[in-house]
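The following exercises concern the contact between two chains and the packing of two helices. Each task is followed by a solution in steps.

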Amino acid sequence: MSSQRPQDIIDHALSLATCSDCVVIADETSTANLRWAGNTLTTNGVARSRRLTVIAIDRRSAGAAVGVVSRSGVRAEEVESVVRAAEKEAAEGTVAEDAEPLVEPGEAAAVPSGRPGWDDPPEGTGIGVLEGFAGHLGETLREAAAGGRKLYGFAEHDLTSTFLGTSTGVRLRHDQPSGKVELNAKSDDLSRSAWAGEATRDFAGVDVAALDRGLAERLEWAKRRVELPAGRYETLLPPTATADLLTYLYWSAGAKDALDGRTVFSKPGGGTRVGESVSDLPVTLRSDPWYPGLECTPFVVAHASGRDSSVFDNGLPLAPTEWIRRGELAALTQTRYSAGLSGLPVTPAIGNLTFETSDPSAPALPEMIARTERGLLLTCLWYIREVDPQTLLLTGLTRDGVYLVENGEVTGAVNNFRFNESPVGMLSRLAEVGASVPALPREWGDYFSRAVMPPVRVEGFNMSSVSQAS
Amino acid sequence: MTHGGQHDIDPQFTALPLRALADAAMQQAADLGAGHADFRAEQLRSQTIGLSDGNLETLFDASDVGLAVRVVVDGTWGFAATVDLTPDAAAQAAREAVQVARVAAAMNTERIELAPEPAHGDVTWVSAYDVDPFDVSAADKAALLADWSKRLLARDGVDHVDAHLTQVRECKFYADGATTATQQRVRLHPTLTAVAVQKDGRFETMRTLAPPVGRGYEYLDGSGWDFQAELEEIPELLAEKLAAPSVRPGRYDLVIDPSNLWLTIHESIGHATELDRALGYEAAYAGTSFATPDKLGQLQYGSGHMHVTGDRTAVHGLATVGYDDEGVAGQSWDLITDGVLSGYQLDRRMAALRGLGRSNGCAFADSPGHMPLQRMANVSLQPAEGGPSTSELIAGVEDGIFIAGDKSWSIDMQRYNFQFTGQRFYKITGGRLAGQLRDVAYQATTTDFWNAMEAIGGPQTYVLGGAFNCGKGQPGQVAPVSHGTPAVLMRGIRILNTAEEAA
């Protein structure tokens, strides 16, 4: 066998396997990036890689043991060594707690029409995707320098083609483009700072000059500086900040941990809080692999088992899932194993997140600012970390622009704050939810860039102390 | 020249045509007009084992190989990487790196220069360890973790136990025409966490304090840490924490154990003394630093007896290397001397940019697919010669808190304002420990905190802590790093009650 096509590598690996069951995943990734600081390029690069993951399953009377071996750069002649290494681990291993039958082709997800089929070659990206952008960026950097601004930022595009084959006959593929641009503008003396970012699948329509103009306006806002003390403030969170907080909530919504009694979604005395109200507003937190513009893998791809993933679930179709439905906790992220323990539906995690109100008159952020008597308007949140899983208390910082809104207008820039807030507690204190728009989570965008989120107004957002950072 | 540990480098790695790949890449880069070119090939072996309540949850065995070519063309960087280890692919990567440099030139206004480094010739270095963890079967490791988990689960009040073991063997080959370095490092991090859940829904956790280390599998057999003693005491410590009173917020004197303070050093000193951050190169992502170069030799970072070093040489240190990813030999130097900012962490570009002479060897890339950045050295607070023991430090506190183990952490983008929690907190009353407290977090501004350091423990309190997962850069890279520290006594630090913060 000499073909290096991932489809052929998978068939070859499955034909070599002698274990009870086998799952093979081939990922082909290409990426290109540019980074700049102080109006000049800093680093850049292109990279290609491919990874073969063989999951060998040894079924025995006591259950099923799993061996997972994942290697990059595997060539056809090296496939057998990967299969044998995985089989050896499975044969020597103890039984896995999440053992289930493998997904059958009939229950697996179907590849929709119009998408690349199993036999089509993997797609790729390269520096060419960024060539037009780099030219515009060069002009924008010169304009910013002339306007007394320093620009910092990052642009990245990557494309991963994932091929999944199993010994039960499942053959699935997914091609995932991801991209983002982040732009940070500072005044020449670095005392004022503003940020904008957006996710993109292809860099078409990314207007870096427009991003810079928006930041220039915010730097103007910041010319009047207001010092405010720590305290609880009425606060407008822009969509990126809402996205960061709710992404963390989503990541903390594993059914297994909830069942174990160790998360904010655990019910005292046992069980989970599914079915309980978490907000008085008609808000819905949802994932949908087919959401226009946020398309992501429509089937389970699990390279390893973990608290919220199971290699046995590979190929399972992902359906649109409401995690919070009109203010009520509706589902937790599940494997088939945890669903069996919890008695709840099988709702595996999905790679995007939307949060929307069913109120058709939900306002845009400028309207919300106009209706604010006195409050804070944030740009984004940063360095978000869990403090206490019991309440899902998170801490972090405001960053790159906190603005004071008085009588419906921005009147100046405020110092930064350290916050201590729980996104769960925040849901119960939402005063207003605006219209949802595509949003790049600033903090988690490296891992999770597909989100549609609203600006929200929160009563008494807990600004725990002042940060001197500017 | 060979130094470091006594092991040979993995023969699978040295069997690769490393020199032929380097020659193909360097020749191609030179032919296309690159003023500088360097070549790196890597093989990273890693294995993660996870158990939930003694049952195997995760077993993931990975091997990453690849090569990278970095060039400077007409003063602009170019970088390209591939996983194909053939001379043709290496030459192709060199062509791509040159093409990237030409595309990027449109936005470059700063000519890239690199600080000179002596040629080291053809050198080999291996870290210090006894047993390569990849020579032990996964089944044996899982069995050991299952045994430890079940011992904890058998004790009263322990409802759940998580056990994890992460292991890495990193092989690197670097060539730039002056230095050719072949190196191998081994590291591992075992953790066990016990969980107790009350009927009313309240829960607490208690994790082992054993730090990640640049050691081999002998670490789990008691070389460098007493796991048996730690497993023995965890259930009682957990039960006491669950029953402990909630802290009253306010200002307290703190005695901080190395198992907690290493992370505070990492965030408030380690990242703040990276020159690329201080100059703004991380401004849009990881952030900058309050400790800017104009304050070098001036800034009173901490109290007068504070001495902090950077090094890439500490035995068993996670940032310890023979040569960095730019061919610079491992060194040790001062960052804070007598409490005053006295140095930075550098790579060759940053050293040249500020005219600081030779790089102190902090370039690191976490994979063959990433361009090296200035990454953290082992940054350590030096103990006081003849200094006090931990109990002597505690004896100096009338009403305070003793903190051990790290947990939650967060610091702002200029490294001023931080907040940390821990694994356990003890009330100190009249110079003695008086039972645990819960819901404790400490919050401070970096220079206020370090200037409130009244006493530094002696060498008998010194422990090398650290982390596998220090993040920096875009695209994101993770780096392992160690931080040594003694126990310390801080006066008048703000304590928050985390339950009240969430209310």
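**Exercise 1.** Determine how many residues each chain gives to the contact, and characterise the side that belongs to chain A.

*Solution.* In this predicted model, the contact takes 81 residues from chain A and 75 residues from chain B. Turning to the chain A side, strand β2 (residues 40–60) of chain A supplies the largest share, 11 residues. By residue class, the side of chain A that touches chain B comprises 24 nonpolar, 37 polar and 20 charged residues.

**Exercise 2.** Identify the strand of chain B to which β2(A) is joined, and give the direction of the pairing.

*Solution.* The partner of β2(A) is strand β4 (residues 76–82) of chain B, and 2 bridges join them. The two strands run parallel. Within this pairing, A:Val46 stands opposite B:Ala80 in β4(B).

**Exercise 3.** Describe how helix α1 (residues 6–16) of chain A packs with helix α2 (residues 79–92) of chain A.

*Solution.* Two packed helices are described by the angle between their axes and the distance between the axes. For α1(A) and α2(A), the angle is about 50 degrees and the axes are 9 Å apart. Angles under 35 degrees count as roughly parallel and those from 65 to 115 as roughly perpendicular; α1(A) and α2(A) are therefore oblique to each other. Their crossing is right-handed.

The next step is to list the residues that meet. From α1(A) come A:Ile9, A:His12, A:Ala13 and A:Leu16, and from α2(A) come A:Val79, A:Glu80 and A:Val83. The residues of this contact of α1(A) with α2(A) divide into 5 nonpolar, 1 polar and 1 charged.

Conventions
Residues are numbered from 1 along each chain as its sequence is written. Chains are lettered from A and ligands numbered from 1 in the order in which they are written. This is a predicted model: local features need pLDDT of at least 70, side-chain atom pairs count only at pLDDT 80 or more; totals for chains, interfaces and linings use all residues. Two residues are in contact if their C-beta atoms, placed from the backbone, lie within 7 Å. Helices (H or I, at least four residues) and strands (E, at least two) are DSSP runs, numbered from the N terminus. Ala, Val, Leu, Ile, Met, Phe, Trp, Tyr, Cys and Pro count as nonpolar, Asp, Glu, Lys and Arg as charged, and the others, Gly among them, as polar. Two strands pair if DSSP finds at least two bridges between them. Axes are lines fitted to C-alpha atoms, for helices over the stretch in contact, and angles run from 0 to 180 degrees between N-to-C directions. Angles under 35 degrees count as roughly parallel, over 145 as roughly antiparallel, 65 to 115 as roughly perpendicular and the rest as oblique. A crossing is left-handed if the near helix is turned anticlockwise from the far one by less than a right angle, and right-handed if clockwise.
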